[in-house]
Amino acid sequence: MKIICIGRNYADHAKELKNAVPEKPVFFMKPDSALVIKNRPFFYPDFSKDVHHEVELVIKISKLGRRISEKFADQYYSEIALGVDFTARDLQGEMKSKGLPWEIAKAFDYSAPVSDFVKLSSLEEPQGIDFRMDINGKTVQQGNSRDMIFNFDRIISYVSQFITLKTGDMIFSGTPSGVGPVQINDHIECFLEEKKMMDFFVK
Ligand code: MG
């Protein structure tokens with residue numbers, strides 16, 4: 001199982017990090033060792049002093065495919081979850097300034113908590129999915145899938161031109177604006193439409 005993450009997929013978030021809005025999807029990967037399930041805690045790593053939250057919609061690949069055309073991409077996923085793309089922003093800044101890869105800032109242990117998956121067809125508004133993250137009871141990020149620069153079909157089609165997608169692979173689809181630091185003992189809750197999907201602590 002691999003985790004593919006799309007960067008800069010919401011214009012307001014690209015702007016807040018002073019990044020250009022991309023013409024093609026930008027993606028990177030996290031290893032399976034980054035995955036955290038069942039609301040287990042996120043353990044704050046000792047190599048960073050500025051770990052940021054990025055709440056994202058996550059889709060799960062339901063069949064093997066490569067070089068998938070955008071037209072047929074919707075046959076490759078049917079379930080959605082929420083995930084947090086934890087990012088060591090200080091390390092990422094260092095790597096970005098040198099033009100080096102981001103893995104140490106993005107792919108570390110516990111950097112990818114993911115909720116349970118639900119059927120996309122069970123959502124009230126599958127074409128415009130609302131989601132949000134609260135920290136200690138206060139909403140810090142809010143998004144809607146309509147605001148994605150590249151939709152799920154486009155992402156699947158693009159990524160699969162380079163990398164074979166396998167059943168069970170997960171795709172983090174990018175974060176809306178409002179990213180910011182987390183602290184030890186923070187209580188994190190994430191909602192898909194009005195349903196609470198994640199409820200965990202930073203330790
Ligand atoms: Mg992200």
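The exercises below work through a metal site, a buried threonine, two spaces and a helix in a predicted model.

Residues are numbered from 1 along each chain as its sequence is written, and side-chain values use heavy atoms, with hydrogens and water left out. Because the model is predicted, local features need pLDDT of at least 70 and side-chain atom pairs count only at pLDDT 80 or more, whereas totals for chains, interfaces and linings use all residues.

**Exercise 1. Identify the residues that coordinate the magnesium ion, and place Glu56 and Asp85 in the fold.**

Step 1. Donors are N, O and S atoms within 2.8 Å of the metal (3.2 Å for Na, K and Ca), and since water is not among the atoms, sites may look incomplete. On this basis the magnesium ion is held by Glu54 (OE), Glu56 (OE) and Asp85 (OD), at 2.0 to 2.1 Å.

Step 2. Along the chain, these donors follow the spacing E-x1-E-x28-D. Glu56 belongs to strand β5 (residues 55–61) and Asp85 to the loop between β6 (77–84) and β7 (87–88), so the pair ties together parts that are 29 residues apart in sequence. Helices (H or I, at least four residues) and strands (E, at least two) are DSSP runs, numbered from the N terminus.

Step 3. Glu56 and Asp85 are both buried, where buried means under 20% relative accessible area, exposed over 50%, and partly exposed in between (1.4 Å probe, protein chains only).

**Exercise 2. Describe the surroundings of Thr175.**

Step 1. Thr175 sits in the loop between β12 (170–172) and β13 (180–181), and it counts as buried because its relative accessibility is 2%.

Step 2. The side chain of Thr175 reaches the backbone oxygen of Val55 at 2.9 Å, and a polar contact of 2.8 Å joins it to the side chain of Gln141. A polar contact is a pair of N or O atoms within 3.5 Å; within protein, one must be able to donate a hydrogen and the other to accept it, and residues adjacent in sequence count only if both atoms are side-chain atoms.

Step 3. Once neighbours within four places in sequence are left aside, the residues in contact with Thr175 (heavy atoms within 4.5 Å) are Tyr10, His13, Glu54, Val55, Glu56 and Gln141. Glu54 and Glu56 also coordinate the magnesium ion.

**Exercise 3. Characterise the lining of the largest cavity.**

Step 1. On a 1 Å grid over the protein atoms alone, a cavity is a set of points where a 1.4 Å probe fits but cannot get out, and lining residues have an atom within 4 Å of a point.

Step 2. Of the 19 residues that line the largest cavity, Gly7, Arg8, His13, Glu54 and Lys106 lie nearest its centre. The largest share of this lining, three residues, comes from α2, and β1 (3–7) and α2 (89–98) each supply at least two residues.

**Exercise 4. Decide how far helix α4 is covered, and find its cap.**

Step 1. Helix α4 (residues 152–159) is mostly covered, with seven of its eight residues buried; these are Phe152, Asp153, Ile155, Ile156, Ser157, Tyr158 and Val159.

Step 2. The buried residues of α4 pack against β1, β2 (26–30), β5, β6 and β12.

Step 3. At the N-terminal end, Asn151 caps α4, with a side-chain oxygen 3.2 Å from the backbone nitrogen of Asp153. Asn151 and Asp153 are also among the residues that line the largest pocket.

Key
On a 1 Å grid over the protein atoms alone, a cavity is a set of points where a 1.4 Å probe fits but cannot get out, and a pocket is an open set with protein on both sides within 12 Å along at least five of seven lines; lining residues have an atom within 4 Å of a point.
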